[in-house]
Structures are given as structure tokens and as C-alpha cells.
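User: I would like a close look at a single part of this protein, with its surroundings set out step by step. Please give the cut-offs behind each term as you go.

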Number of protein chains: 2
Amino acid sequence: MLYLIGLGLGDAKDITVKGLEVVRRCSRVYLEAYTSVLSVGKEALEEFYGRKLILADREEVEQEADNILKDADISDVAFLVVGDPFGATTHSDLVLRAAKLGIPYRVIHNASILNAVGCCGLQLYKFGETVSIVFWTDTWRPESFFDKVKKNRRNGMHTLCLLDIKVKEQSLENLIKGKKVYEPPRYMSVSQAAQQLLEIVQNHRLQGEEPAITEETLCVGLARVGAEDQKIAAGTLQQMCTVDLGGPLHSLIITGGNLHPLETEMLSLFSIPENSSESQCIDGP
Amino acid sequence: MLYLIGLGLGDAKDITVKGLEVVRRCSRVYLEAYTSVLSVGKEALEEFYGRKLILADREEVEQEADNILKDADISDVAFLVVGDPFGATTHSDLVLRAAKLGIPYRVIHNASILNAVGCCGLQLYKFGETVSIVFWTDTWRPESFFDKVKKNRRNGMHTLCLLDIKVKEQSLENLIKGKKVYEPPRYMSVSQAAQQLLEIVQNHRLQGEEPAITEETLCVGLARVGAEDQKIAAGTLQQMCTVDLGGPLHSLIITGGNLHPLETEMLSLFSIPENSSESQCIDGP
């Protein structure tokens, strides 16, 4: 049996009791380590689970999935994913390969950022399409996600922006040389995402468009959702550009306007003081 | 401290390790029992948690929230919610009351139906606004949610339809007489929801509209997501009208069209045989 097990969002103890039982009895346990990360490292998980974990990077999962599935028809193999196993679309592929090989599978769900963002008080059913914001480079500055944000906002829907994670990336030079030397991991912060967004807003304005999103659009920055030191800050897009929410992972919500009074009241728990020259961190419960 | 703890979707063991530790040390533990239910009853939870649970119905939570929050400033109180605490908007209210009383709170997240539906293979980021379908009565047949379904579909987005739960409802007669006698709980099935939907489609057609949804629109029915006996069936809206997915809780997805090849391939794992006169249950992993 292949078990896809969500680890939730905080630390080692956010696994479910059911998930932990399965992890402890499986013959091999993989940890997917490229679509998301926990605030604690592999060693902390290994200690709490009482099991050695095999790190599965993107190459492994996409190119050597058969290794992961080996003998899963006669023994139990666990594939651990931060958040929920189906938060990242890439894991459907593993399920399909298992199905083709006649290997049964089970999913043990957990919280993912897609539902845990509800903690800021915005109503989950009012979220539109989720978008991803990637790190811009000198030559690659994609803006296409912005159309989805605009569409959501025109429809009164909030947009959850998942922020880029660069883990085990090679520099162009190393890639060309075929050197398996990896850059240090990078995680996009709320302020970096807000700055890129603001640049897009300004580009659209230069082109004569009245942008659906402006400097004044109400946004919510979230950091380390589900962890003890989670932080949430509600303020304008302009304010998000300078907010410092601390370590990764960060997410950004662009509200859809027309908030329900309960939403407004909840966000007020996290609002950035209006006159703060440098926006401060808000301690989220 | 007030702890809002998600129980996940399956049975007693779907609580997180962190959540279980908190439940076991809190001075009072409430179980919210009206927005969703687990496949196991209160007694099974009490046995596994090793704690007595206080059932909190809608009246209690909405009208007597102060009882729940009593002494939460000097002791720990847990409020357990099936799925994730913020899956239902009603729980923001409890958080706001706590905040007003100066009671700190923490959220322990878990899977909710909003993210666990990813198990059918439809990509979560492509879901639009979530809707609720309620039981029609002779005099109350709301159709307004259908506009949201149409809008989602026009935008290529899937729609998750949460299906009605009637727990602790009074008959009109008992309500008028002020008798606290409650009707047996009712849970809307996928086939009931599909039948109501089809009636709306036909109404729209009678009014000369070309409906965005037809009998042939691809839908996915899900039952008891996260439980051992979870079932998923993919087929047309017409097929959903006769599908029998067993006991509650059920959810229905109306796809947005334009599926990604991975989505199509995943759904094929659950497709209803084309020529089945009575649609059969598909065993979901």
C-alpha cells in the first residue's frame, strides 16, 4: 500500500494520530521536500516519528517514482507531504503511477495552506482561483497570474497567492556544466511579493489601464501559519511592501473587496497601525 | 487559553498529535456538532481522547458563547470542530468574543472538506467560490447559488457544493408550540443534490436560457472523504442523480470544463461505467 500522508503546517506534532501510526509501521518513509517545508527540519521529524526519512526531491519524485513505488504492492510505503498531499498537483502523478502498477493507495489528509488561511478571518468559500507568485529574474518577469487576481477581485473573491520556494536550484553556470551544486534555498517573503505586485500595478497604469488592484487594496500577509510563532498582518498593498513577518513560509492574500462585517472585524485583530513608518509584525495567535 | 481544534474528516484518530495533547489537558472540551459530523459518534471520540465532551449545538455556540469562554482566561478550554475550525464561518464569532474578553486563543488546524476534495484529482487551485445546496421544501426552493456555479464554470473553475445538514431541527409545529422536540438528523446525498440541480437546469431552459450546466456536465460525487470507506464517483450530472454513495457526509463537485490531462486521468479512476442503468458505487482509495 502506498500511503500519502499530510504533515500539516507547523511542526512534527501536526501529523495526525492515524498518520503517525502508519509512518511508524511502513517499511520505507519518504519526505517530499520541494513543494513546501515545515519550520522544523528532517532530523526533528525523524526523532519524533522514530523513523529514518528518505528525502525525495523533485528529480526523485518526477523521474524516479518507480523507486518510491518499489515493492509497495507487498509492503507499506509512506510518502510524506507538508500540508495536504493534494495541495500540490504534482502528487497526482504518483497516484496515477501507483494505480497503473496495481498498487493500492490511501490518503491521510491534513491541513494545507489552502484551508488554514481561514485563520485570518476571511471566509474560505469566498476565495477564487489560487495563484503562484514566482521570483522575478532579470530576464523573466511573468505577470500572467495578475489576470487571475483581477478576475477574482472583479468577482468579489479573495486571491490566495502562494509564494515561490527555491530549493535545490542550480545556478545557470552549474546547470550548463552539469555540476550538481545547489544554491542556498530561497523563500519569497510577503514584502517581496507585494513589491513585485506593485510594480505590475504601476506597469498597467503606465499603459493607461485603471488597475483593479492599487496601492490601497486591502491585503493580508501570513507567515508560518499553524506554527507557534505564526504572524498575520492586514493592511494595504503598499504597507505589505515593508512589513517584516520573519522567517518562511509566507503567503499573501489580496482581498476581494466587499468584506462581510465578520471578516472586517477579524482582520482588525491583525491590522497594521496606520501611521507606522515601518510596518510592524503583528503577533498572530 | 481558548483552543479551536480541527478534528479532520474521518474518525477519532484524525486529530493531530498536537490537538490530542491539548484536548487531554484542557479543563473543558466542547464538541461543535452542527456544521459537520464525523462518521463516529461522540462516545467513540470520548473513549479515544480519554475525555468527556460537552456537545455544543448551534444555540449554545451562538447564544451562550459566554459559557464556553467562562474562565478561559485562567484555564484551558478546547472547542473541537469537525474538519478545520475555519471551514465554517460561524466560528469567527467565537474568536472575536474571546478577543473582546481578552482571552488568548490558538488554532490547531486540520484537513477540511475544502482541501480534502483534492483527493479526486481535480486541482485545488482551480476551484472557484464554494456554494451550499440546501434541502428544498414545498415553499422554499432557493436557486440563487446557481449563479455562482455558472460564474465559476464560465471562468473554467470547479465548484464545490457543500450539501445540507439538518441536525436538531424542529418541525414548524413544534417550533410554534415551543416544544424542544427535534426531527431525526438529515444529510443531503449527492443524488438528491443532483436532482435539485437538474430541476434548476430545466427551469432555466424553460425560460429560454441556454444553461451553462446541462445533464451532460461532468461532476464528481464524494462521500465520507477521509474515512476508510470513502467513495468517489465521476460522471455526468444525469448520472449523479442515481448514484448511491452510501451514508453521509456527501459533497458534489461541478467541474469547470477544460480539464488538465492529469485531472482527466485522475477522474478516470473513479468514473461511473457508461452503460450502468443504475450507477454504482466506486470504491475510492
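Analyst: What follows takes one strand first, then the cavities, and then the annotated positions.

The model is predicted, so local features need pLDDT of at least 70 and side-chain atom pairs count only at pLDDT 80 or more, while totals for chains, interfaces and linings use all residues. Residues are numbered from 1 along each chain as its sequence is written, chains are lettered from A and ligands numbered from 1 in the order in which they are written, and side-chain values use heavy atoms, with hydrogens and water left out.

The part to look at closely is strand β4 of chain B, residues 77–81; strands (E, at least two residues) and helices (H or I, at least four) are DSSP runs numbered from the N terminus. Because 5 of its 5 residues are buried, β4(B) is largely enclosed by the rest of the structure, where buried means under 20% relative accessible area, exposed over 50%, and partly exposed in between, with a 1.4 Å probe and protein chains only. The burial holds on both faces, with B:Val77, B:Phe79 and B:Val81 on one side and B:Ala78 and B:Leu80 on the other.

Two strands of chain B pair with β4(B), and pairing requires that DSSP finds at least two bridges between the strands. Strand β1 (residues 2–6) runs parallel to β4(B) over 5 bridges, and here B:Gly6 stands opposite B:Val81. Strand β2 (residues 28–32) is also parallel to β4(B), joined to it by 4 bridges, with B:Leu31 as the bridge partner of B:Leu80.

Turning to enclosed space, the structure holds 7 cavities of 30 Å³ or more. A cavity is a set of points, on a 1 Å grid over the protein atoms alone, where a 1.4 Å probe fits but cannot get out, and its lining residues have an atom within 4 Å of a point; points are joined across faces, edges and corners, and the volume is the space filled by probe spheres set on them. The largest cavity has a volume of about 240 Å³, and among its 15 lining residues A:Leu114, A:Leu124, B:Leu114, B:Leu124 and B:Phe127 lie nearest its centre. Its lining has 10 nonpolar, 5 polar and no charged residues, where Ala, Val, Leu, Ile, Met, Phe, Trp, Tyr, Cys and Pro count as nonpolar, Asp, Glu, Lys and Arg as charged, and the others, Gly among them, as polar.

The second largest cavity has a volume of about 100 Å³, and of the 13 residues that line it, A:Asn155, A:Met157, B:Gly128, B:Asn152 and B:Asn155 are the closest to its centre. By class, this lining has 2 nonpolar, 6 polar and 5 charged residues.

For chain A, an unreviewed UniProt entry places the feature "binding site" at positions including A:Asp84 and A:Val225; UniProt positions are given in the numbering used here, feature names are shortened, and annotations may be inferred rather than shown by experiment. A:Asp84 lies in the loop between β4 (77–81) and α5 (90–100) of chain A and counts as buried at 2% relative accessibility. Leaving aside neighbours within four places in sequence, A:Asp84 is in contact (heavy atoms within 4.5 Å) with A:Gly6, A:His109, A:Asn110, A:Ala111, A:Ser112 and B:Asn115. A:Val225, in the loop between β10 (218–223) and β11 (231–236) of chain A, is buried with a relative accessible area of 6%, and beyond its neighbours within four places in sequence its contacts include A:Leu9, A:Ile113 and B:His109.

How values were computed. On a 1 Å grid over the protein atoms alone, a cavity is a set of points where a 1.4 Å probe fits but cannot get out, and a pocket is an open set with protein on both sides within 12 Å along at least five of seven lines; lining residues have an atom within 4 Å of a point.
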